[in-house]
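Okay, thanks for coming, everyone. I'll put the structure up and then walk through a few spots in it.

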Amino acid sequence: MKLKTEILFVFLIVGACLTIVTGILYFYNARSIILHSAGNQLESLSAAKKHRIESIISKKEEELRLVQNRLFQNQHLYHLNMYGKLNDTLCVSYRKLITKNIKKLTKEIPSFRNIHVLNKAGVAIASTDTGAINFNFSILDFVQQALAGQNNISSFIDEPNDNAYLCLSAPLYFKGNLQGGILIETTTDDLKTLTGDYTGLGNTGETVIAQLISDSVACFITSTRNEKKNLHKITLNKSAPQAVFLALAGNEKLYLDANDYGNQKIATSCRYISTTQWGIVTKIDMTEILAPAEELKWMSLKIGAGALMVLFVLSFILSSSIVKPINKITDAAKEISQGKWTRRVEINSTNELGDLANSFNKMTDTLVKTQENLELKLIELDRSNTSLEKFAFVVSHDLKSPLNTVLSIIELLGTNHLGTLTEEGRQMLSILSQKVDHMKEMIGGILEFARLGNLQPTTELLDLKQLLLSMAQPLREQAYIEICSDLPKLKMSNILAEQLFQNLFTNAIKYNRSETKKIKVGANRDGKTIVYYVTDNGIGVQENYYDKIFDIFQTVAPKGTDSTGIGLAIVKKIVESYGGKIWVKSTHAEGSTFFFTLPQALFTSIG
Ligand code: ADP
């Protein structure tokens, strides 16, 4: 991956992670703040509503007491109980008096729908509703309680008429003795006004008051916000009890994940009024409460995306400002490596990259100076090598003629004066002859090697295979020579090629004690280069001499072998003059292989 892409990638990954983590933290923080404040609001609204409902109940209690007091000392009821014949004229007039009294009370207190006066058995003996006269109300719990001496306020679900109203019931006494009771039906208008006030409850919030009508069914005694019907019944969902049932179970607390009567998720604050056994639920839909959090989420996503875009642009600019100078330096380094020594990097910034460019330029200056020095040294070395080679050439050439004279004298001594010499003298003459011969060979070798100093590797087209076949011909009696058929043609000096292979063939035969001496010549492809080889089954070369044997006068030949240590030095010089390399691999007593390459001589490749 390129540095620029890497920087962009790292910036984007880090930026995206930071944005996502910050966004998530911010969102959940905001969500919990919103829930907390909605909860607080619901709790305070619910407490206020409960307080007001309790005030309404207190007011009803007072009204009940007022009615009770008015009818308390009423002897009419006593007489009715005493002589209770309903059609009796006296009784009729008593009843009329009581009815007149209660009608007056109904007018005084507008929330009263009807007042029924009951005898001890719970039968209505007087009522503002003539249809209710003689009806036995003792079937109602709260009537029974009133006849047992207890004041009571209860809600009554009037299912046939689809209505709910409040019933106030109380006992009636005369001279300390229970004479019967009163039952007052009042409207739930006060409660409806209270629950119909949605202030602070948003668009979905409301307060409902409910009572149980069985263990698993509750009924609202006030209407709901969206459905204005009077009686709303709900059945308990046992796996997730609705908020109403939580309130009716006496819980007074905040729920942030409850269900409403329509199984919507809501936040609710529940209250319970024990005197009337009402559950009060003040709630707002969760979707409404969390709407700002949702809005915030989308806004955060947009801001995050925007921030990432900005980050992308910034990281692009930053990565460009870092990578550009580096690219400049890389380009300059490439050009310098191609020999454009004058190339310098132009970076005007004062930061670390500017310093790097300056150091690079200084390094290039130093390199140029070193290169110039090196070139001067090479010229000097070349000069001294040339003079050395000239010297070697002159010396070896000049030494040749006195040596020839010495050889002629030894020859004369051997033919004309051998008889005059003692046995020891003859032996010494023989050794002298051998050593002079060796010296002559060495001088010849030096001369040959020195001549190569002036070598200009020519590039005439050479059929290598043909050359090797003609060279192998005279050696057939000494060794079996195999020449591979797929040798490439070369552009190389014929003489040098002959010199090269001659030395290798001579060595392969000279340093070989096998009964049948074998030599193989071939070439292999190694990637783009072609590697030639000459293999023999001779005595081999020890590994520690692999390099040494290519130096001039270095010989590791066994004693008695006529060796000057010049042959491989000549071979190496020829190979290197064509830009090649030479090396050896060998197994002791099994043979050696000399490998070499000739890149500048290569003309056609082998298949
Ligand atoms: P010379 O011309 O005297 O043979 P070279 O320079 O050709 O000298 O060889 C140097 C030394 O490398 C030899 O003295 C010999 O020990 C060793 N050498 C060269 N060719 C072979 C070979 N084919 N097998 C074993 N040893 C070899």
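Before I point at anything, one definition: a residue counts as buried under 20% relative accessible area, exposed over 50%, and partly exposed in between. And please keep in mind that this is a predicted model.

So, let's use that definition right away. Phe553 comes out at 38% relative accessibility, so it counts as partly exposed. You'll find Phe553 in the loop between strand E16, residues 529–536, and H13. What caught my eye there is the backbone: Phe553 isn't a glycine, yet its phi is positive, about 65°. As background, most residues other than glycine have a negative phi.

There's another one like that. Asp162, also not a glycine, has a positive phi near 50°. Asp162 sits in the loop between E3 and strand E4, which is 163–174. Its relative accessible area is 36%, so Asp162 is partly exposed as well.

While we're on accessibility, have a look at Gln371, in helix H9, residues 352–416. Buried, exposed or partly exposed, what does Gln371 count as? Partly exposed, because its relative accessibility is 26%. I also checked Gln371 against Ser315: they're 56 residues apart in sequence, and C-alpha to C-alpha they're 41 Å apart in space.

Okay, helix packing. Helix H10, residues 423–451, packs on helix H13, residues 567–577, at an angle of about 5°, and their axes are 10 Å apart. That angle makes H10 roughly parallel to H13. On the H10 side you've got Gly445, Glu448 and Phe449, and they meet Ala569, Ile570 and Lys573 in H13. By class, that contact has 3 nonpolar, 1 polar and 2 charged residues.

Now rotate to the pockets. The largest pocket has a volume of about 750 Å³. Its lining takes in 34 residues, and nearest the centre are Asn507, Lys510, Tyr511, Ser563 and Leu568. Which elements each supply at least two residues of that lining? H10 and H13 again, plus helix H12, 494–510, and strand E18, 591–597. H12 has the largest share, with 6 residues. Sorted by class, the lining of the largest pocket has 13 nonpolar, 16 polar and 5 charged residues.

The second largest pocket holds about 480 Å³ of space. Here 18 residues make up the lining, with Asp141, Ser154, Ser155, Gln211 and Gln277 nearest the centre. Helix H4, 141–147, strand E3, 152–158, and strand E6, 206–212, each put in at least two residues. E3 gives the most to this pocket, 5 residues. The class split in the second largest pocket is 7 nonpolar, 10 polar and 1 charged.

Last stop, enclosed space. How many cavities of 30 Å³ or more does the structure hold? Just 1, and its volume is about 40 Å³. Lining that cavity are Glu206, Val208, Ala243, Val244, Asp260, Tyr261, Ile266, Val281 and Lys283. E6 turns up here too, and along with helix H6, 243–248, and strand E11, 278–285, it gives two or more residues to the lining. As for the mix around the cavity, it's 6 nonpolar and 3 charged, with no polar residues.

That's my tour, so let's go back to whichever spot you'd like to see again.

Methods: Residues are numbered from 1 along each chain as its sequence is written. This is a predicted model: local features need pLDDT of at least 70, side-chain atom pairs count only at pLDDT 80 or more; totals for chains, interfaces and linings use all residues. Side-chain values use heavy atoms; hydrogens and water are left out. Axes are lines fitted to C-alpha atoms, for helices over the stretch in contact, and angles run from 0 to 180 degrees between N-to-C directions. Helices (H or I, at least four residues) and strands (E, at least two) are DSSP runs, numbered from the N terminus. Angles under 35 degrees count as roughly parallel, over 145 as roughly antiparallel, 65 to 115 as roughly perpendicular and the rest as oblique. Contact means heavy atoms within 4.5 Å. Ala, Val, Leu, Ile, Met, Phe, Trp, Tyr, Cys and Pro count as nonpolar, Asp, Glu, Lys and Arg as charged, and the others, Gly among them, as polar. On a 1 Å grid over the protein atoms alone, a cavity is a set of points where a 1.4 Å probe fits but cannot get out, and a pocket is an open set with protein on both sides within 12 Å along at least five of seven lines; lining residues have an atom within 4 Å of a point. Grid points are joined across faces, edges and corners, and a volume is the space filled by probe spheres set on the points. Buried means under 20% relative accessible area, exposed over 50%, partly exposed in between (1.4 Å probe, protein chains only).
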